[in-house]
Amino acid sequence: MTLAGADIAPRLAPVRGYVIDMDGVLYRGDTALPHAREFLAALDARGIPYVMATNNSTRTPEQYTEKLARMGIPVPPERIVTSSLATRAWLEERYPAGTRVHVLGMAALRDAILGDGRFQPADLDAEVVVTGADWELTYDKLARACLAIRRGATWVATNPDTTFPTEEGLVPGAGAILAALRVATSREPIVIGKPEPGMLLEAGALMGIGPESTAVLGDRLDTDIQAGQRAGFTTVLVLTGVTSAADLATESPQPDLVVPDLAPLLEYYRTLQ
C-alpha cells in the first residue's frame, strides 16, 4: 500500500483502463466531489478508457447518466454497469423463463429483474428472492421477503454495502437490509456485486483490457478493493467516501495505492509524458 506521492508513477504505469465506483468517488449524494470532472477529462485526453461499476441498484444506467450529466460529468449508459444488471445476468444463466421472483428494492432493480417478463413477479410463492437497497423500505416489505426465504426461496442479494455515503454522512445501505434478513431467516444470501469480482471483470471486458492492465478506483476496502484484488486488478482507494485513513490501520484488505482525493491522479495524468 502506498500513499500518493513519489511512488504513484510505478503503481499506475501498467494501467491502461479504469473500473470506477461512483458513490463516494465521483460524488456524494447529488454533489460532485472535487476533481471528478477534471480527472475523467484527463483520462479522455490520454485515450484511457473507463467503465463505471456500482453496487448501487437504485438507478438504471440511463438514470445514472442523467445524474452525472447534472453534475457536468458526461458518461454514456453503455459505460455503466450496475449490480441490478449483474444480478439479472446471474439469474438468466441459472433459471429458466417463468421462474417466480420476489424483488425487494427500488424500481430500477424491479425493472431489471421483471421488466421484460422473462421472470414472473411473486410473493410468498417465490422460487428466488432478490434484495437490494430500498429507500422506501417498510416492515411489510421485510416481512414478505423474510417469509418467502423461510419457505425455501433462494436468496440473492445485489450487494453487501452496509452504508451509503450522502452529503450528510453515511446512511444504511443494502447490507443493512441484508443484515436484518440474515438475522430473521438464519440464512446467508448469494451476493452478486462487489466484493465478488464478476462485475469488475465484466466491466474490464467491455474495455477489452486484461486484469493485469486494469485498475479499480473505489472508496471501500470491503467491496471495491477486495473485488479488485480478487479480479487481479491494481487497486486504488480514494478517501472521499466510506473508508477513512484511520480504517487503513486496522482493516483489510490493503490497496496498492491510497489517495486523499482525485487530485494526485489528475496531476499524474496531466503531466504524463
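How much space lies in the largest cavity? In this predicted model, the largest cavity holds about 170 Å³ of space. Before turning to its walls, it is helpful to consider the sheet and the helices.

An open sheet of five strands is found in the order β8-β7-β9-β10-β13, and its pairing is parallel. At the edges stand β8, residues 120-121, and β13, residues 190-191, each of which pairs on one side only. Further inside the order, strand β9 (residues 128-131) and strand β10 (residues 154-157) run parallel and are joined by four bridges. One partnership can be followed by eye: valine 129 has tryptophan 155, in β10, as its bridge partner.

Two helices lie across strands of this sheet. Helix α5, residues 107-114, lies across β7 (100-104), β8 and β9, and runs at about 165° to β7. Helix α6, residues 139-150, lies across β7, β9 and β10, and its direction makes an angle of about 145° with β7. The strands β7 and β9 therefore appear in the description of α5 and again in that of α6, with the angles above taken between N-to-C directions.

The next topic is the space enclosed by the protein. How many cavities of 30 Å³ or more does the count give? The count comes to two. The largest cavity is lined by 21 residues, and those closest to its centre are Asp23, Asn55, Asn56, Asp161 and Phe164. Two or more residues of this lining are given by each of the elements β11 (163-166) and α9 (221-231). Strand β11 gives the most, with three residues. By character, the lining of the largest cavity divides into six nonpolar, eight polar and seven charged residues.

The second largest cavity has a volume of about 30 Å³. Its lining consists of Thr131, Gly132, Ala157, Thr158, Asn159, Ala174, Ile177 and Leu178. Which helix provides the largest share of this lining? The share of three residues from helix α7, residues 174-185, is the largest. The sheet described earlier can be found again here: β9 covers residues 128-131 and β10 covers residues 154-157, and Thr131 and Ala157 are among the lining residues of the second largest cavity.

The character of this second lining may be set beside that of the other cavity. The second largest cavity has four nonpolar, four polar and no charged residues in its lining, whereas seven charged residues belong to the lining of the largest cavity.

Methods. Residues numbered from 1 in each chain as written. Predicted model: local features only at pLDDT ≥ 70, side-chain atom pairs only at ≥ 80, totals over all residues. Heavy atoms only, no water. Pairing = 2+ DSSP bridges. Contact = heavy atoms within 4.5 Å. Axes fitted to C-alpha atoms, helices over the stretch in contact; angles between N-to-C directions. 1 Å grid on protein atoms, 1.4 Å probe; cavity = no way out; pocket = protein on both sides within 12 Å on 5 of 7 lines; lining within 4 Å. Points joined across faces, edges and corners; volume = space filled by probe spheres on them. Nonpolar A, V, L, I, M, F, W, Y, C, P; charged D, E, K, R; others polar.
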